[in-house]
Amino acid sequence: MKKPELLAPVGTFESLHAAIRAGADAIYFGVEQLNMRTKSTPTITIEDIAEIAKVCQQHGIKAYLTLNTVMYDHDMQLASRIIRECKTHGIDAVIASDYAIFAMCREFGMPLHISTQANVSNIESVSFFAPMADVIVLARELTIKQVAHITSEVQRRNLKGISGDLIKIEAFVHGALCMAVSGKCYMSLHEKNASANRGACVQNCRRPYKVTDLETGNELVIDDEYIMSPKDLCTIDFMDQMIEAGIDVFKIEGRSKSAEYTYVTTKCYREAIDAVLDGSYNPEKITYWLSELEKVYNRGFWGGYFMGKKLGEWSKDPGSVATEKKVYIAKCTRYFPKIKVAEFTIESGQTNTGDTLLILGRNTGADKITLTELVVNGSKGSIAKRGDKITFPFESVLRPGDKLYKMVTSDA
Amino acid sequence: MPKIIHYRNKCIGCNICYESQPEYWRLSRKDGKATLIGAKLKKETYILEIPECDVEASKTTAEHCPTKVIKVSV
């Protein structure tokens, strides 16, 4: 079996380091206003490309930049500048769906991945795009059999990408789905003038709607469901079939989500892929991964269209149904690298022995720990309150200013 | 005097302000964002005084902006 590449979403520096820490093989991110998460992740700019490339190269993972909105004439200079920056700093590829970007990538010798926004749904389309790209992200509406047919045809026809290697096929394995075919949606623009295809989706499909009978005025709420808001895609319970389908790259959605989302989803899929390959993939592990995935942002899970379902399963809630939430408690005040011990000062609330704690930091990413014993102000204790200093061993370097959160059961 | 205020950093260059009031807006070819013609820069914000007769149309433009980075102060 071929080992797929695990591709994690990055919307902040915290999530970049979280993805690395969780074992991603590659990450993808967007800059400025020419990516599909423009409105929700405005913090990464063109100046950050160099640092992101450097961090990824240091950790031996690949970095791809999304440049996948609808493009207008006034976007050309910025798009060109972004691609040149990518080329200069060694970003591994640009993900795009606009022909102008394809042409610029060719001009600058920048490797290209065809975005899911191009809705590639058959082998002939793959064959069309292959001479200009290295990876093709399939539309999210295909069944696993359709995907397997495409990957086997790539082999049979020996379809090569621009680099001379076989063209790679990428598919989404986890994260949000929407009511429109792979993102081609007009609803947000229609109602709020905010184009989803310019990265400004206001997610009005995620709300509840009533159907009104105009003759009687009767209002119907359909089965108490959010009929335009599908549950999130989750494939961890059929990861073995996804790998058997010959997909080269497994992509996790969620650039606008938190660093702990990136960390948990990447870690679970890392473990699941490795388990399938080493033969230890089993129902107990699946149950554990599902319970971990439920703790971070999700709208409930279904297997997407992979298993042949033609209609979406609709969410029953307006937002996330994550079973856990984080509560801020402490800030990192020191890290002792020789003895690998971290010191945090409690600034809010308290923590007890056995709490699950989440560490977040711009250059640290995200990591979870459970302290079986607490050292409070230098001596053993079972509870630490505001003003107390707690210390605990931690293998990798933490930085002053890193934040510590306690994970608690969500009320939602 | 009424003013249009443009928080340009968060502009996504969607083009709607230019479509709505081409006399006040253009799209920068350099960075793809909207530019409020003739505005003065004050702490990352662009400000332009406008005549009373243009307030209503400018408010409509502000309303249409998907990222709400255009404000009209009267």
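This passage walks through the overall build of chain A, one pair of its helices, its contact with chain B, and one methionine.

The model is a predicted one, so to speak of local features a pLDDT of at least 70 is needed, side-chain atom pairs count only at pLDDT 80 or more, and totals for chains, interfaces and linings use all residues. Residues are numbered from 1 along each chain as its sequence is written, while chains are lettered from A and ligands numbered from 1 in the order in which they are written.

Chain A has 10 helices and 24 strands (DSSP runs numbered from the N terminus: H or I of at least four residues for helices, E of at least two for strands). Its C-alpha atoms fit in a box of roughly 65 × 65 × 50 Å along the principal axes. The radius of gyration of chain A is 22 Å, which agrees with the value near 22 Å for a compact globule of 412 residues; the radius is taken over C-alpha atoms, and the globule rule is 2.2 Å times the number of residues to the power 0.38. Some 44% of the 412 residues count as buried, that is, with 20 or more other C-beta atoms within 10 Å of their own (12 or fewer is exposed, in between is partly exposed, and C-beta atoms are placed from the backbone). Of the contacts in chain A with a separation of 6 or more, 68% join residues 24 or more positions apart; a contact means C-beta atoms, placed from the backbone, within 7 Å.

Now for the helix pair. The axes of α1(A), residues 13-22, and α9(A), residues 259-278, come within 8 Å and cross at roughly 20° (axes are lines fitted to C-alpha atoms, for helices over the stretch in contact, with angles from 0 to 180 degrees between N-to-C directions). That makes the two helices roughly parallel, a label for angles under 35 degrees. Residues of α1(A) including A:E14, A:A18 and A:R21 meet residues of α9(A), among them A:Y263 and A:R270. The residues of this contact divide into 5 nonpolar, 3 polar and 4 charged (Ala, Val, Leu, Ile, Met, Phe, Trp, Tyr, Cys and Pro are nonpolar, Asp, Glu, Lys and Arg charged, the others, Gly among them, polar).

Chain A puts 16 residues into its contact with chain B, which gives 15. On the chain A side, these split into 5 nonpolar, 7 polar and 4 charged.

Finally, A:M228 sits in strand β10 of chain A, residues 226-230. A:M228 is partly exposed, with 19 other C-beta atoms within 10 Å. Leaving out residues up to four places away in sequence, A:M228 touches A:M179, A:C205 and A:Y209.

Notes. Two residues are in contact if their C-beta atoms, placed from the backbone, lie within 7 Å. Angles under 35 degrees count as roughly parallel, over 145 as roughly antiparallel, 65 to 115 as roughly perpendicular and the rest as oblique.
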